[in-house]
Amino acid sequence: LERVSQGGFPAQIHANNTHATPTVACDGKRLFAVFQHHDGVHLTALMPDGKVVWKVEAGPYTPKAYRFGYAPSPLVYKGTVIVASEFDGESFIKAFDADRGELRWQAPRPVNVSYSSPIVAHVAGRDQLVISGADAVTMTNTFQGMAINWRKRAPILGNVIGGLSGPAIKPIVLRMVHQTARRLRTLPIIA
């Protein structure tokens, strides 16, 4: 069994918390564990026998207002491991490639304190990443698309598929927010 984490744990956490609060996630082949130490959230992929496949610092976690410790569990979804970090600082949600630990995508989060784990729910006809906290539900979604150079008949991006964002998806996002708000009448929606 290789050492996953050593030292650098916060001196102060809630009395009912531990440094191993997040639940380990599994994709059927590997285990994914997150820990808070050295002022960051660290994600590690392990084989069932304990061999470390890869490690990555997902991002910062340096709360000032509430020093209760880190709690969100990682989420395995379609070849990625999703990690959330919401505190009174540089909050984020990121997805890492489950095979290599490379960053696939990231989204800044509102400066809120939340200890919630992200989940995927099928809402308004699509899988959506949902995380609760700070008296609201937040939904994140990327639409796969392809930017095409019609003269060359080839993708403009280096990859065959890229994510659409900005004005191109505004009508779709507005419809999804409206559909979700109709179903979750009592909670604000941040989209």
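In this predicted model, the largest nonpolar core comprises 16 residues, among which Phe 32, Val 34, Val 41, Leu 43, Ala 58, Tyr 70 and Val 83 touch the most other members. At least two residues of this core are supplied by each of the strands β2 (31–37), β3 (40–46), β4 (52–60), β6 and β7 (92–97), and the greatest contribution comes from β3, with three residues. A second core, separate from this one and made up of eight residues, includes Leu 75, Ile 82, Ala 84 and Ile 93. In soluble globular proteins, nonpolar side chains tend to be buried together.

The strands β1, β2, β3 and β4 form an open sheet in the order β1-β2-β3-β4, with antiparallel pairing. Its edges are occupied by β1 (25–26) and β4, each of which pairs on one side only. Between β1 and β2 the antiparallel pairing extends over two bridges, and Ala 25 stands opposite Phe 32 of β2.

Another open sheet of four strands, likewise described by antiparallel pairing, has the order β5-β6-β7-β8; here β5 (75–77) and β8 (103–108) are the edge strands, each pairing on one side only, and the twist from one strand to the next averages 20°. Three bridges connect β5 with β6 (residues 80–85) in the antiparallel sense, and Val 76 is placed opposite Val 81 in β6. At the other edge, β7 and β8 run antiparallel and are joined by five bridges, with Ala 95 standing opposite Trp 105 in β8. These two strands, β7 and β8, form a hairpin in which five residues lie between them, and Gly 101 in the turn adopts a positive phi of about 80°.

Phe 32 was examined further through its contacts and its ring geometry. When residues up to four places away in sequence are not counted, Phe 32 touches Val 24, Ala 25, Asp 27, Leu 43, Thr 44, Ala 45, Trp 54, Pro 74, Val 76, Val 81 and Ala 98. This list includes Ala 25, the residue that stands opposite Phe 32 in the pairing of the strands, as well as Val 76 and Val 81, which stand opposite each other in the pairing of β5 with β6.

A search of the whole structure for aromatic pairs returns two. In one of them, the rings of Phe 32 and Trp 54 have centres 6.1 Å apart and planes at 40°, so the pair is classed as tilted. The pair links distant parts of the chain, given that Phe 32 belongs to strand β2 and Trp 54 to strand β4, with 22 residues separating them in sequence; both Phe 32 and Trp 54 are buried.

Two further features involve charged residues of the strand β7. Asp 97, which is found in β7, has a relative accessibility of 3% and therefore counts as buried, the cut-off for this class being under 20%. Leaving aside neighbours within four places in sequence, Asp 97 is in contact with Trp 54, Gly 79, Glu 102 and Arg 104. Trp 54 thus appears both among the contacts of Asp 97 and as the partner of Phe 32 in the tilted ring pair. Elsewhere in the strand that spans residues 92–97, the charged end of Lys 94 sits over the ring of Phe 92, at 4.6 Å from its centre.

Technical notes: Residues are numbered from 1 along each chain as its sequence is written. This is a predicted model: local features need pLDDT of at least 70, side-chain atom pairs count only at pLDDT 80 or more; totals for chains, interfaces and linings use all residues. Side-chain values use heavy atoms; hydrogens and water are left out. Two strands pair if DSSP finds at least two bridges between them. Axes are lines fitted to C-alpha atoms, for helices over the stretch in contact, and angles run from 0 to 180 degrees between N-to-C directions. A nonpolar core is a set of buried Ala, Val, Leu, Ile, Met, Phe, Trp, Tyr and Cys residues joined through side-chain atoms within 4.5 Å. Buried means under 20% relative accessible area, exposed over 50%, partly exposed in between (1.4 Å probe, protein chains only). Contact means heavy atoms within 4.5 Å. Rings of Phe, Tyr and Trp (its six-membered ring) pair if their centres lie within 6.5 Å; planes under 30 degrees apart count as stacked, over 60 as edge-to-face and the rest as tilted. A charge sits over a ring if NZ of Lys or CZ of Arg is within 6 Å of the ring centre and within 35 degrees of the ring normal.
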